[in-house]
Amino acid sequence: MRFACDTGGTFTDLIVEGDDGALALYKAPTTPDDPVLGVLDALALAARDRDMELSKFLSQGEMLIHGTTHAINAIITGNTAKTAFLTTQGHPDILVLREGGRIEPFNFRIPYPEPYIPRALTFEVPERMDGEGNVVLALDEAAVMDIIGALNAQKIEAVAVCFLWSIANPAHETRVGELLAQHMPEVPVSLSHILNPALREYRRASAVAIDASLKPLMERYLGSLTERLTAAGFQGRTLVLTSQGGMIDAMELASEPIHAINSGPSMAPIAGRYYASSECTEPNAIVADTGGTTYDVSLVRRGRIPKTRETWIGQPFRGHMTGFPSIDIKSVGAGGGSIARVDDGGILFVGPESAGAAPGPVCYGAGGTLPTLTDACLVLGYLDPDYFLGGTLALDTGAAEAVIQEQIAAPLGLELAAAAAAIVEVATENMVQAITEITVNQGIDPADAVLIGGGGAAGLNSVFIARRLGCPRVLIPETGAGLSAYGATISDLTTEFRSIYFTTSEDWDEAAANAVLAALEAKCQAFINGPGAGAAEHRIEFGVEARYASQVWEIEVPLAASRFQGAADLQKLIADFNAAHEEIFAINDPSSIVEFVGWTASVACKLTGSGGGRLAADGGAEHSGSRQIYFEGAGIVDTSIHAPAQLTPGEEISGPAIIETPFTTIVIDPGASFHLANAGSINITP
Amino acid sequence: MSEKNSKLDGAKLAILSNRLGGICRKMGNTLLRTGRSGVLNRAKDFSCCIVTKDCELLTAEESLPIHVLSGPDLMARSMHEFHPNLKKGDVFLHNSPYHGDSHPADHTLLMPVIDDAGVHHFTLLAKAHQADIGNSIPTTYHGTARDVYEEGALIFPAVKVADNYQVIDDIIRMCRMRIRVPDQWYGDFLAMLGAAYIGERELLALGAEIGWGTLHGFTDQWFDYSEKRMIQAIQSMPAGSATAQSTHDAIPGTPAEGITITSKVTIDTNAAMIEVDLTDNSEALACGLNVSEACTRTSAMIGIFNSVDNSVPKNAGAFRRVKLHLKDNGVVGIPRHPISCSASTTNLADRIQNSTMRAMAEIGDGLGMGEIGCFCPPSTSVVSGTDPRNGKPYVNQLFLGHTAGAGAPFEDAWMTMLHAGNGGMCYIDSVELDEIYTPIRVTKRHLIPDSEGAGRFRGAPGIEVELGPVDCRMEAGFVADGNIHNPLGARAGGAAAHSDQFRRLPGGTLERLEQCSQIWIEDGETLVSIACGGGGYGDPKSRDADRVLRDVAEGLVSRERAAEIYGVIITEAMQIDGPATRAARAE
């Protein structure tokens with residue numbers, strides 16, 4: 001038996017995969033003060049469901065895969081370690097200046113962001129390398145010892161080290177690491193050339209700063225998780241999800257905790273990729289994960305999940321860049337709790353302000369006074385006031401109607417239903433813009449993509465979004481309400497190795513490129529023999545980050561093979577690069593020299609199943625009938641209600657319709673149609 | 001909803017505005033990611049915008065302010081004037097400051113958006129500062145050029161460069177013969193063309209989807225909405241009139257006392273109008289600092305909009321509530337050919353904005369700002385030479401470090417403003433990237449303690465950057481300002497420290513350089529750039545003591561300065577001494 005447990009902002013989702021492959025989904029409230037408790041609570045729900053003692057239930061588990069928001073929460077709330085930053089002499093303000101840039105150039109009410117590590121805890125180390133790795137100024141070890149004295153005196157809890165050009169020659173960083181280990185053995189250290197060997201000193205510096213600051217608490221958290229699971233009777237392996245969309249052993253992650261920042265959300269595209277490949281013919285997928293406050297969009301491009309090197313914590317230019325590649329996820333403040341308002345000029349806005357879980361939407365009756373997207377969906381009839389979360393939370397339709405009438409309909413001069421529809425439309429447009437932005441950046445045409453909806457609210461406007469974007473298909477997987485946890489059940493043990501080696505199509509040196517690839521492959525093999533031992537299968541993928549001469553932003557091109565064998569292989573790589581450039585940017589320049597900068601090898605070891613598990617039926621077959629629903633353009637329509645258990649696989653049904661389970665509601669607009677797929681998904685033609 | 005002039009509701013307006021903004025963002029992304037020169041792909045010195053068929057600015061999402069508030073309208077008008085019969089697939093190159101461009105270094109591609117029926121609906125602009133434009137010397141800011149002939153740039157007043165989507169090679173060949181490092185220029189040109197094509201494709205698709213009538217109906221309504229928001233914003237301001245001045249340091253070609261810009265601002269809350277009068281300024285001068293009409297207009301508007309609720313859209317609708325008075329053939333105003341406007345986007349343009357913002361501040365607390373720091377110090381030189389590592393020539397503008405932000409009425413400076421007209425939109429170069437692409441070493445880049453303009457909300461500290469060529473000599477061009485006339489504060493706010501620039505000789509000796517220089521730095525020498533921060537806003541003695549403490553703890557302000565200027569007494573143990581502070585502040 002395997003457990004996949006994703007701690008979200010509101011709920012801790014657990015999927016239990018039985019030895020027969022059958023799945024069961026549980027949701028327990030997240031306990032922010034002690035998130036391990038929420039994990040244990042969810043496991044207890046599952047044990048109770050099987051009439052078993054928790055210890056006996058846990059003893060049957062081989063593996064627990066965990067997604068956690070602990071790292072990101074610590075950063076947002078400022079509860080990270082007291083961390084020092086060691087930098088090359090003369091360059092103390094790397095974390096202050098960052099890379100410049102701003103949004104909203106006329107907004108002078110936004111404070112300039114504080115550096116991730118204050119200047120007061122920044123120390124300049126006399127040393128300097130150049131871009132070729134030559135020593136320009138030797139490391140002054142006596143000065144380093146003075147700094148170590150100061151660090152001890154200030155009771156520093158973690159140290160981040162980033163020197164200019166440590167990626168060209170790591171000797172100075174390495175030596176400082178040794179001195180710190182020798183003289184401050186209890187204090188964790190992050191070195192930039194090891195953690196994130198990439199060009200651009202701010203990105204490396206920010207990465208080590210964030211990583212080091214997370215080490216003490218993530219070591220405690222992950223240690224506590226494994227200890228308490230063991231104490232409760234679990235004897236299996238504990239793995240944690242990473243921002244790169246894979247998983248690694250919990251204590252491995254504790255040594256590079258920056259990889260836990262997008263733990264959890266990165267799993268939605270893993271699940272999406274599985275469903276896209278197994279149930280759809282479209283080459284690409286847009287995976288939308290809905291929550292109470294945010295809407296997270298990720299992509300699948302021909303079976304690969306695109307990554308970004310620019311991952312921001314907080315808003316771009318106002319937060320901190322992790323400097324680290326991660327699965328490209330675009331997150332906007334648009335969710336069920338997003339607040340609608342009409343400004344002085346009569347324009348309707350929805351979000352990014354959110355009513356959150358408390359007080360929540362007005363219809364929750366928990367003190368909310370501002371109209372939200374959920375209230376609008378209730379007014380339109382999308383939500384059943386008596387069947388929300390399977391009937392565990394009764395919704396107050398009258399209160400939702402009153403607040404929308406007063407705050408939205410009246411100032412806009414619209415009827416109530418039209419005003420509620422407008423709220424949904426504006427929120428939808430925010431979601432559409434998020435999708436547009438990420439598809440633009442990654443060069444994906446929505447007309448070639450299936451829209452996969454996850455999270456409890458995905459079904460409410462997915463048809464609308466798909467129509468707006470021109471997506472030919474919408475898929476709401478059976479496990480949609482716990483999409484990230486489901487992704488975890490099919491994720492691989494993964495890691496990625498990078499190497500900087502600069503060469504060009506003009507000065508191409510095949511032997512040197514092959515040597516870089518061979519070194520990367522050896523690292524992958526060591527991983528396969530180590531943490532990956534016993535995997536059912538494994539694979540290594542090679543890629544190169546390339547650009548035209550004098551461009552500075554690379555695009556990643558997969559390599560067809562693990563080594564180059566002759567000029568034809570280089571020509572193929574150049575052709576692939578030209579094609580990728582045109583796909584993303586509408587132009588290419590085949591006459592230009594192509595530069596190859598970063599080489600990557602990612603290794604994936606299959607420890608889990610390969611998908612295909614079905615959720616055990618959860619009843620709901622009796623949930624049927626019809627209700628009055630407002631659709632823009634059609635007005636109020638009597639709409640039939642379906643439970644998936646009543647549907648015949650493959651039978652196409654025309655909208656308008658509602659498909660409802662205790663965890664989710666799917667709205668099928670007039671003109672759209674849907675069927676239940678064999679795998680349990682709702683497959684919609686918008 | 002395809003019916004013409006059908007009234008759109010607030011939701012539809014918001015959606016369409018967002019979609020048009022999305023087109024600008026998409027164009028900008030293409031430019032950044034595919035540009036070849038550092039000024040594009042590292043510094044992001046470019047803008048993308050949409051103007052209506054009547055040449056009115058519709059949206060310029062996330063652009064550099066100085067590039068767009070006015071200029072796109074003027075350039076589009078000149079395109080219509082010179083090319084009355086526009087065709088689908090036409091693209092025009094425009095960099096003439098005498099016909100609406102900001103300055104010759106900002107090459108702009110204009111692409112009319114024309115449907116299959118041949119009807120022109122909108123015009124797209126992609127404007128990008130070039131690494132080189134064929135000036136007589138390797139810089140895009142020729143401060144001392146006595147006229148456009150000495151300046152030397154190729155000037156393109158809306159010249160057709162593509163016909164039916166095919167590039168007209170005649171123009172490319174001309175540019176290749178005149179612009180330094182022509183492959184780099186051509187790569188940037190392609191990046192701009194890609195941006196224009198992507199924007200056109202998107203806008204055509206949008207028009208086809210919702211109907212052109214609806215889209216034009218939207219623009220009318222959106223302008224009305226924007227005007228209404230602007231009226232409300234002005235009516236929430238204090239009424240009044242004030243005049244302020246800002247002085248640029250002297251360089252060759254200017255009077256010995258420098259150039260003083262005078263801006264008179266009048267806020268009329270009854271009429272809901274703001275007027276800026278820039279007529280009380282000198283005649284055009286025989287130097288490259290004259291400000292183009294586009295930049296004069298834009299600068300006055302930036303001075304206003306920096307005090308207007310940020311959510312008011314910046315477009316032709318809001319601009320209806322702004323009235324500008326410009327001087328014909330003034331040093332700022334409407335320059336006439338062949339006056340040089342080489343450095344028109346930065347030096348004196350910033351002085352227009354600074355004087356306008358300080359005049360706003362004089363009208364009432366809550367308006368205006370301190371002076372934003374001066375451009376362009378040696379850390380933002382245009383550098384050129386031959387790279388000894390590959391024997392190839394190079395030319396590019398560095399953006400190696402800038403602060404310049406000024407204290408504002410409600411918050412401390414946004415530190416990395418670059419200069420007033422930039423609004424902080426440009427990036428700062430990675431030292432490592434610059435060292436790869438240019439044969440230089442950057443030995444220092446750090447903030448300068450005690451150099452901020454003090455205030456209730458303080459300006460940014462200054463920044464020192466030191467760099468030199470590696471195994472070669474390097475030519476550097478810059479037009480610095482702020483050595484004599486450092487950035488002033490507003491409403492009793494303090495001034496920022498002065499700028500300076502030096503050559504460091506191999507022995508370590510510093511040799512002061514002229515502020516406006518085109519010089520060779522030899523192997524073993526370095527260029528030392530001391531760039532200004534920004535002025536403060538409000539009395540420093542009224543600054544929140546905890547903010548002062550934080551600045552001291554962070555090493556930005558010394559304890560001595562905290563006591564003397566801010567009246568905040570901080571102990572050696574880094575605590576605020578409450579009684580001593582109260583006493584100091586009561587003085």
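**Helix packing in chain A, a strand pair in chain B**

Modeller: In this predicted model, H12(A) and H13(A) are roughly perpendicular to each other. Local features need pLDDT of at least 70 and side-chain atom pairs pLDDT 80 or more, while totals for chains, interfaces and linings use all residues. Residues are numbered from 1 along each chain, chains are lettered from A and ligands numbered from 1, as written.

Biologist: Why are H12(A) and H13(A) called roughly perpendicular?

Modeller: The axes of H12 (397–412) and H13 (416–442) of chain A cross at roughly 85° and come within 9 Å. Axes are lines fitted to C-alpha atoms over the stretch in contact, with angles from 0 to 180 degrees between N-to-C directions. Roughly perpendicular means 65 to 115 degrees (under 35 is roughly parallel, over 145 roughly antiparallel, the rest oblique), so H12(A) and H13(A) qualify.

Biologist: Which residues of H12(A) and H13(A) meet?

Modeller: Among them are A:Ile404 and A:Ile408 in H12(A), and A:Ala419 and A:Ile423 in H13(A). Contact requires C-beta atoms, placed from the backbone, within 7 Å. By class, this contact has nine nonpolar, one polar and one charged residues.

Biologist: In chain B, what makes E10 and E11 a pair?

Modeller: Four bridges join strand E10 (273–277) to E11(B), and the two run parallel. Pairing takes at least two DSSP bridges, so E10 and E11 of chain B pair. B:Val276 stands opposite B:Leu324 in E11(B).

Biologist: Which are the edge strands of the sheet E8-E9-E10-E11?

Modeller: E8 (240–248) and E11 (322–325) of chain B, since each pairs on one side only.

How values were computed:
Two residues are in contact if their C-beta atoms, placed from the backbone, lie within 7 Å. Ala, Val, Leu, Ile, Met, Phe, Trp, Tyr, Cys and Pro count as nonpolar, Asp, Glu, Lys and Arg as charged, and the others, Gly among them, as polar.
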